[in-house]
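Here is a quick walk through one model, from its sheet to its ligand shell. Keep the structure open as you read.

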Amino acid sequence: MQEHELPEPEATRRDSGVTESSRANRGWWDRNADEYQVEHGTFLGDDRFVWCPEGLDEVEAELLGPAEDLKGRDVLEIGAGAAQCSRWLAAQGARPVALDLSYRQLQHALRIDELNSAAPFPLVQADAGALPFADASFDLACSAYGALPFVADPVLVLREVRRVLRPGGRFVFSVTHPLRWAFPDEPGPEGLSVSASYFDRTPYVEQDEQGRAVYVEHHRTVGDRVRDVVAGGFRLVDLVEPEWPEWNTQEWGGWSPLRGGLIPGTAIFVCERDERG
Ligand SMILES: C[S@@+](CC[C@H](N)C(=O)[O-])C[C@H]1O[C@@H](n2cnc3c(N)ncnc32)[C@H](O)[C@@H]1O
């Protein structure tokens, strides 16, 4: 091992609170953003809105509404990474703001912007649990696997999103399908046998030799997510489970055509601000 290389973290299941999860994930995404963009950048495209490894594109899904209605709308993208989705939104005439916890991910957004001649939009480094915006600043919010799979308190995030949305505002977010937690995160046949309890909410944690978390993912069941949405002040309008399309032959970590043809990999929650709350 070279002197500058860190030892492999240990993967375990244990509790991890809001602060530890946020700190661990900011560090992980800063360290791994370059590799992530090399590995997935082509699939995501610089200015496409891809919801998930299945490849569902907002052009066909219209989960935020018809593309022509996006013109002039203020849209917050949470956990934006290199802001590919925001770039697509801007091309539809929307006014996106791309927010991410990771400075390095946002540097990739800047890198892509420099290659593009399109007008830039704001990039904001912040935690989804403490949004640095005034109440009622946005018409829509979206998150493609950003933040929600990684936070210890999803209701805190949902309440924040509700606060910054205008009345009637819509929030659409995709996460790993909760069913996946019962299976090994493997793309091949070994990923098809149940190996853990679906009902075990203990977070997945990678930790260093001192026991400090360096990466955290949080598990919620389908019912938990529905209750979180309601507790966050939203109505659930739809729950989309994209099927694996024939054209997509590409694996993404544990997501693969083999598993995608048999079990769901992604859950997309389509929510609207509940004005009774
Ligand atoms: C899987 S990437 C998704 C980004 C983009 N949609 C994509 O497909 O590449 C997850 C992103 O969520 C961000 N993230 C994780 N936890 C966050 C938090 N608490 N607040 C804001 N962003 C967070 C990460 O930094 C990372 O850029």
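## What counts as pairing

Before we get to the strands, one cut-off is worth having in hand: two strands are said to pair if DSSP finds at least two bridges between them. Keep in mind, too, that this is a predicted model.

With that in place, take strand E5 (residues 138-144) and strand E6 (residues 165-176). They pair in the parallel sense, over six bridges. If you want one bridge to look at, go to Ser143, whose partner in E6 is Phe173.

## The sheet

Now zoom out. E5 and E6 belong to an open sheet of seven strands, and the order across it is E4-E3-E2-E5-E6-E10-E9, with mixed pairing. At the edges sit strand E4 (123-125) and strand E9 (234-240), each of which pairs on one side only. Going from one strand to the next, the twist averages 20 degrees.

As a general reminder, strands of a sheet pair through backbone hydrogen bonds, and they can do that either parallel or antiparallel.

## Helices on the sheet

Helix H3 (residues 84-91) lies across three strands: E2 (74-78), E3 (95-100) and E5. Its direction is at about 175 degrees to that of E3. Helix H6 (residues 222-231) also packs on the sheet, where it touches E9 and strand E10 (266-273). The angle between the directions of H6 and E9 is about 145 degrees.

## A look at Cys85

Cys85 is a residue of helix H3. Is Cys85 buried or exposed? It is buried, because 26 other C-beta atoms lie within 10 Å, and 20 or more is enough to earn that label.

Who is around it? Setting aside neighbours within four places in sequence, Cys85 is in contact with Phe49, Glu77, Ala80, Cys142 and Ala144. Glu58 is 27 residues away from Cys85 along the chain, and the C-alpha atoms of the two are separated by 8.9 Å.

## The ligand shell

Which residues are closest to the ligand? They are Trp29, Gly79, Gly81, Ser102 and Ala128, out of 19 residues that surround it. Helix H1 (residues 18-44) supplies the largest share of this shell, with four residues. By type, the shell splits into ten nonpolar, seven polar and two charged residues.

## What the record says

UniProt, in an unreviewed entry, lists residues 76-173 as "domain: Methyltransferase type". In the model, that span is 33% helix and 29% strand, and its end C-alpha atoms lie 12 Å apart.

Conventions:
Residues numbered from 1 in each chain as written. Predicted model: local features only at pLDDT ≥ 70, side-chain atom pairs only at ≥ 80, totals over all residues. Helix = DSSP H or I, 4+ residues; strand = E, 2+ residues; numbered from the N terminus. Axes fitted to C-alpha atoms, helices over the stretch in contact; angles between N-to-C directions. Contact = placed C-beta atoms within 7 Å. UniProt positions renumbered as here; feature names shortened; annotations may be inferred. Near = placed C-beta within 6 Å. Nonpolar A, V, L, I, M, F, W, Y, C, P; charged D, E, K, R; others polar. Buried ≥ 20, exposed ≤ 12 C-beta atoms within 10 Å, placed from the backbone.
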